[in-house]
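Good morning, and thank you for making time for this short presentation. Please look at the sequence and the model before I begin.

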Amino acid sequence: MRTVATASHLRAAEEKVFSEQPGVDLMSRAADAIVSVARVIAPSGPVVVAVGPGNNGGDGLYAAAALAGDRDVLVWLAMGTGHEAGLHAADEAGCRQVDAAEATESLTDASLVIDAVLGIGGRAGLPEHLAMFVDAVDALGVPVLAVDLPSGLDTDSGAAHPSFRADCTVTFAAPKPCHVVGEASERCGDLVVVDIGVPVPDTGVFVAEESDVARWWPVPGPDSHKYTRGVVGLDTGSSHYPGAALLGCAGALHAGPGMVRYLGGAPQGLVVSRFPSVVMADGRVQAMVLGSGWGDLEDAAERLAGALSRGVPLVLDADALSLLPADLPPGSLLTPHAGELARMLGVQRHEVDADPMGKAREAASRFGATVLLKGGTQYVATPSGTVTIAVRGPAWTGQAGSGDTLAGACGTLLAAGLEADRAAILGASLQAITASRHPGPHPPDVLASFFPDVIADLVDVADLR
Ligand SMILES: NC(=O)C1=CN([C@@H]2O[C@H](COP(=O)(O)OP(=O)(O)OC[C@H]3O[C@@H](n4cnc5c(N)ncnc54)[C@H](O)[C@@H]3O)[C@@H](O)[C@H]2O)[C@@H](O)CC1
Ligand SMILES: Nc1ncnc2c1ncn2[C@@H]1O[C@H](COP(=O)(O)OP(=O)(O)O)[C@@H](O)[C@H]1O
Ligand SMILES: [K+]
């Protein structure tokens with residue numbers, strides 16, 4: 001997991017470094033990292049460096065100077081001015097200064113564009129002349145390496161302001177919100193986070209990585225059996241929405257439970273004919289999943305009361321989210337999408353869209369349970385106030401039924417004994433990683449059928465034998 005830091009967090013951390021270590025040269029460290037990555041993306045050929053007026057431009061100028069040792073480097077002062085000492089270094093090293101027209105013309109031969117226009121000091125959006133340059137870069141498909149963040153983005157949000165579209169972004173100390181949430185994150189390409197000696201501040205916001213999924217995935221030991229691995233009960237689906245039962249079972253079964261019990265109102269023959277290992281008899285469970293595909297079941301409240309009386313952690317999804325009791329069992333997980341979260345909080349959907357992280361955190365605090373807010377960016381908020389963003393996946397995962405399989409997978413992980421936040425982070429990340437590795441579109445149950453391949457690949461395969 002990596003800590004996510006805002007621009008002001010980063011500035012405070014940097015100021016502390018400067019006050020404690022006067023004269024420390026963070027900019028050279030930043031430039032060194034840019035140069036290493038630039039050489040991997042484009043080992044040879046001319047480089048065009050678009051330079052802004054502040055320290056982001058300074059990073060770019062020192063990188064330009066280092067690269068000019070063995071190739072043509074063109075420097076364009078995109079805002080008319082640039083970091084004085086950096087400019088001097090670039091001139092000394094033989095970089096050639098060009099104007100907007102020449103920078104654009106030179107794109108036809110360029111092997112790389114380095115975007116060092118704006119970083120954490122930038123205001124969102126691009127002036128017209130830069131937007132035109134970005135269009136030319138995109139049209140020619142020249143690879144772009146962004147310094148700190150693609151210029152034009154707002155550091156602290158996922159909003160899709162006009163910006164560079166990077167193939168790779170080299171950022172410092174910690175990812176910022178624009179790197180990990182919303183459409184902005186899609187503009188960053190591969191993210192490289194470099195330690196330049198600025199300590200990572202404690203923010204309570206994290207982003208999960210594939211390596212976390214590998215590390216935390218519950219792997220059975222030699223003495224494990226179905227009860228110790230975890231029995232998950234599903235009260236999902238109904239005669240109106242029988243498919244939800246199948247989708248939940250698909251998600252639960254392919255996440256590796258000890259046993260799945262189906263205790264819902266969909267036709268039992270339907271479930272067992274598709275999934276013969278699912279047990280229809282009631283009995284001991286270590287976690288329950290409720291609500292997906294209930295519709296307006298008349299006995300929904302009784303079903304929820306029955307599940308509550310078991311005293312095990314619950315995954316409450318979809319229709320069960322409108323019946324939230326005052327006291328949820330410890331370790332329970334709520335899995336709303338934005339519309340459901342808005343209803344839970346009694347606010348408008350656009351208010352959730354405007355501040356998804358804040359609203360997920362508010363719901364976790366109000367209901368005393370972990371909240372997995374589903375969508376393009378998935379936030380896992382705990383009652384203690386931490387938020388973790390799950391690994392991101394392709395947008396076609398957003399289809400009817402994906403949430404049902406996800407709830408089933410989370411139920412399996414809760415039954416295995418994971419804390420609710422880990423179960424949510426792993427379930428959501430597994431679905432996203434699977435969708436990335438098995439490009440579809442696949443319907444949600446087919447996607448779930450690929451979970452085992454992905455788990456086997458993520459977890460040390462030897463552990464599964
Ligand atoms: N503070 C430090 O010591 C370090 C900073 N580093 C770099 O410095 C960057 C931050 O530097 P700065 O604080 O100088 O900020 P930036 O370089 O991101 O930009 C600030 C400048 O751009 C102008 N500007 C902002 N938005 C604009 C817009 N939309 N249109 C036109 N002009 C605009 C501002 O007026 C200001 O002159 C980081 O992103 C990082 O790249 C690194 O060198 C590491 C060390
Ligand atoms: N833009 C998106 N990119 C990736 N995944 C998405 C996107 N939008 C939604 N999802 C995923 O799709 C699922 C949708 O869940 P939900 O809205 O509850 O659907 P349903 O109730 O029909 O199953 C969630 O698992 C979410 O992770
Ligand atoms: K930049």
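I shall discuss the two ligands, then one arginine, one helix and some backbone features.

This is a predicted model, in which local features need pLDDT of at least 70 and side-chain atom pairs count only at pLDDT 80 or more, while totals for chains, interfaces and linings use all residues. Residues are numbered from 1 along each chain as its sequence is written, chains are lettered from A and ligands numbered from 1 in the order in which they are written, and side-chain values use heavy atoms, with hydrogens and water left out.

Let us begin with ligand 1. Around ligand 1 there are 21 residues (a heavy atom within 4 Å), of which Glu14, Asp59, Gly119, Arg123 and Asp148 come nearest. A polar side-chain atom of Asp148 lies 2.5 Å from a ligand oxygen, and a polar backbone atom of Arg123 is 2.7 Å from a nitrogen atom of ligand 1.

Ligand 2 has 17 residues around it, and Lys374, Gln378, Gly401, Gly403 and Gln431 come nearest. An oxygen atom of ligand 2 is 2.8 Å from a polar backbone atom of Gly401, and one is 3.2 Å from a polar backbone atom of Asp404.

Next, is Arg187 buried or exposed? Arg187 is buried (under 20% relative accessible area, with exposed over 50% and partly exposed in between, using a 1.4 Å probe and protein chains only). Arg187 nevertheless has no salt bridge (a side-chain nitrogen of Lys or Arg within 4 Å of a carboxyl oxygen of Asp or Glu). The nearest side chain of opposite charge, Glu183, is 4.5 Å away. The Arg187 side chain does reach the backbone oxygen of His161, at 2.6 Å.

We turn to helix 18, residues 420-437 (a helix is a DSSP run of H or I, at least four residues; a strand is a run of E, at least two; both are numbered from the N terminus). Of its 18 residues, 14 are buried. In the loop between helix 18 and helix 19 (444-449) lies Pro441, and a cis peptide bond, with omega of about 15 degrees, joins Gly440 and Pro441.

Finally, consider the backbone angle phi. Most residues other than glycine have a negative phi, and most peptide bonds are trans. Ala173 has a positive phi of about 70 degrees, and Ala318 one of about 45 degrees. Ala173 is buried, at a relative accessible area of 10%, and Ala318 also counts as buried, at 18%.

Thank you for your attention.

Definitions and conventions:
Lys, Arg positive; Asp, Glu negative; His and termini not counted. Polar contact = N/O pair within 3.5 Å; in protein donor to acceptor, adjacent residues only side chain to side chain. Expected span 1.5 Å × (residues − 1).
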